[in-house]
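User: Hi! Could you walk me through this model? I'd like to start with how the chains meet.
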Amino acid sequence: MKPSLVDLPLGQHAEIVSIDCGRRLSRRLMEMGLLPGTRIRVVRVAPLGDPIEVRVRNYSLSVRRAEAAKIAVNPEGTA
Amino acid sequence: MTHKVSPQVLVAGNPNCGKSTLFNALSGGSAHVGNYPGVTVDRTSARMRLGAQDFELVDLPGMYSLTASSPEEQLAVNALTESDTRGVICVVDSTTLERGLYLALQLVESGVPVVVALNMMDSAERMGLHIDTDRLSELFGTPVIPVVATKRRGLDALLAALGEQLESVHETPKLRVAYPADLEANVANLAPVIAQWRPETAANQHRVFALWCLLSLGEDSLRGVPDAVRHAVQSIHEAAAARGRNIDLEIISSRYAWLDEAVGEACFMQDPRPSWSERIDRVLTHPIAGLVIFAVVMFAIFEALFAGAEPLIGAIERATGFMQAQTAAILPAGVLQDLIVEGIIAGVGNVVVFAPQILMLFLFIGFLEDSGYLARVAFVIDRVMKAVGLHGKAFVPLLSGFACAVPAVMATRTIERRRDRLVTMLALPLMSCSARLPVYILVVGTVFAGQSLGWFSAGAVALFSMYTLSVLVTLAAAAVIRRTVLPGPAPTFVLEMPPYRWPSAQILWINAWRRLRIFLVDAGTIILAMTILLWALLSFPKSEALTEHYAAERARVEQTASSEMEKAHAIQSLDAQEAGAQLANSLGGRFGHAIEPALRPIGFDWQIGVGIIGAFAAREVFISTLGVVFGIGEADEENKPLRQALRDARHADGSPVMTPLSGISLMVFFLLACQCMSTIAVVKKESGSWKWPVFLFSYMTVLAYLASLAVYQGGQLLGYG
């Protein structure tokens, strides 16, 4: 089981491996520049625990945990 | 529907890229707001002249790509392919270069003449980002102009480049993304199908369209796409998936690969500095401080709408009253005077009275949105909204519903997806708005005066319960509507958190004023018409017999009264009685009588029924209508004679009409019923069809009736009332 965005500790950089959020949302995320190989990190969790805010391509995006769980990542520093 | 007389230039760009600022800077704020045919999306445009060229500058909605799955998103593509489109200004936020250029790349690929405006160059430089615009321009094969829209920097160069583009000969774009061979084969297969669909477009356009179809079609609600194209696209997707390919990924990642290379060549980052936006966010979305600030900001909006707008609303109401009195004094008494005073002037007053709250709410929302905080509001509160199937951005409209549903419905525009917007606007009229308060106060003052429940006064408990109930019912209604009437995927929450920026006062004002103007013209017309209709319903037919009877009564008083004061008093009382009798005889009054059998089970009589009919103009009108029905004349919620009249009212069997139980039933009815034609009008305007306001009115009325029935009958079973 690949780790997903929700598994990343705050501030940990990672590389996106795959996005599997259904066609429409996956396409939207990809068009916003979240592609396999793109660097991403979680910068913040909302006060009530959901959604989370990620930093990618020099901008910030918030996504719900349910969606973030479907974005597989490869944390940097791991092989 | 699109009859344009002159060529158009489109302004496209991501949300939050400063597109509207640039549009306003270029057009000088002289914009015209209309509607795109078939969808409720504003079409903002302005006439421009560049050299010898006259054209219309059109501000497209913010978007991340040309890919479309809804009719709203399809707008941009339609506008692009319209024959009178001469060019596009693509606005790109320099601080998020690749994402903005992704749209620019698609535009250039489409073959339309493009000028790229690299906005916020100053912010990019402060971040330590250096951009070689000449190199980018070479790579894209189209002019790339650095601008700072807020400071009007680079506008001349932008217009000069645009002028050149408009005059130059249209060539095949130089930019060529290297798509995988498999994909190119798919595109080649699809092109002939596209050619049949759009025979008028050039051959190189078929390829562009094929790419667009491959990415856009499937799970979409696009209009006007032939089945042949859909089937072809579907079979290509299926065949590709069977071989482990993902067409969407192939197209998008090929484009980004091209972009990453281009950006790598033209830009370099010099010691990146943490932005102060990041630092602000540490406070504003902090688990504790964030929630406190959130509560303070929301309370400020609430307070402004509730209390801040009050003096202005009062002034408008007084001005309306003054106009009515003046007109009544000038015109001879009769139907014409009534029509003008009670129909037209009252109707215009009913429209204008919303202006202060609409302006205030939109100034607030504009400030929140342009500063970047609205996205944080959604971020902080989304968890709560998600539970009932709403989007985080639904919070501000819902909260505004406590003040007034009319501006609140208009505020749902900040929610991107139409389905999410509709759910919000269909639920929020259940929030207990300020117009319901006078009705509660009247009822509480009538049936609970001086009573207490333990430490609290019974009235306070009743009021508090109404507000709590309204929140619970609103959230429940949203959840139910989302699951039944507007089923579909739960709203996804993918929201850009733009950097904090200080909004421009001028743009805030322009936008709030535009909203108000659209309301006054579009919703205002409907409200005015309904006011006149309602006036007619409660005024006709006039009974000659009643008129004669009261004329005779007055003549008798004239002769028998012992003093002037007694005479004046008696005449005033007769006037009020006559108004009440005429109202009872009117169509509305007869209707109130006719529905009494239906009202008895919920504890009301025909007089309250007439009040409810009158209250459709606006809830607070309930009180003045009751004043007329009971023959008291002018009345407000603190009116002692009206309270007494209500207490004295008896059913045919001699039992009192207003008991604590029927009072609660009445408050519940007012809380839940859609007794507000202005809400109907604004929902019609914002949803773009009569279907939704009719649904809203029906479900709220049924809900109100059933709830009142449950309260009254249940209460009686338990031995109350």
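User: Which strand of chain B does S4(A) pair with, and in what sense?
Analyst: Happy to help, and please keep in mind that this is a predicted model. S4(A) pairs with strand S12 of chain B, residues 495-497, in the antiparallel sense, and the pairing runs over three bridges.

User: Nice. Which residue stands opposite A:Leu61 there?
Analyst: That would be B:Glu496, in S12(B).

User: Stepping back, how many residues does each chain put into the contact?
Analyst: Chain A brings 30 residues and chain B brings 49 residues. About 3,600 Å² is buried between the two chains, and carbon and sulfur atoms give 53% of that. On the chain A side, A:Arg23, A:Glu31 and A:Arg64 lose the most area to chain B; together they make up 22% of what that side buries.

User: How many salt bridges are there between chain A and chain B?
Analyst: The count is six salt bridges. One of the residues you just heard about takes part: A:Arg64 forms a salt bridge with B:Asp382, with the closest N and O atoms 2.6 Å apart.

User: And residue pairs in polar contact, how many between the chains?
Analyst: There are 20 such pairs between chain A and chain B, counting pairs with both residues at pLDDT 80 or more.

User: Which elements of chain A give two or more residues to that side?
Analyst: Helix H1 (23-31), strand S2 (39-45), strand S3 (52-56) and strand S4 (59-63) of chain A do. H1(A) gives the most, with eight residues. By residue type, the side of chain A that touches chain B divides into 15 nonpolar, four polar and eleven charged.

User: Switching topic: is S5 of chain A mostly covered or mostly open?
Analyst: Strand S5, residues 71-75 of chain A, is mostly covered, as four of its five residues are buried. S5(A) also pairs with strand S1 (residues 13-19) of chain A in the antiparallel sense, over five bridges. Within that pairing, A:Val73 is the bridge partner of A:Ile16.

User: Now chain B. How many helices and strands does chain B have?
Analyst: Chain B has 32 helices and twelve strands. Its C-alpha trace spans about 100 × 55 × 50 Å along the principal axes.

User: What share of chain B counts as buried?
Analyst: Of its 721 residues, 54% count as buried. As for contacts in chain B between residues at least 6 apart in sequence, 75% join residues at least 24 apart.

User: Great, thanks for the tour!

Note on methods
Residues numbered from 1 in each chain as written. Chains lettered and ligands numbered in written order. Predicted model: local features only at pLDDT ≥ 70, side-chain atom pairs only at ≥ 80, totals over all residues. Heavy atoms only, no water. Contact = heavy atoms within 4.5 Å. Buried area = accessible area lost by both parts, 1.4 Å probe. Salt bridge = Lys/Arg side-chain N within 4 Å of Asp/Glu carboxyl O. Polar contact = N/O pair within 3.5 Å; in protein donor to acceptor, adjacent residues only side chain to side chain. Nonpolar A, V, L, I, M, F, W, Y, C, P; charged D, E, K, R; others polar. Pairing = 2+ DSSP bridges. Buried < 20%, exposed > 50% of the residue type's maximum accessible area, 1.4 Å probe, protein only.
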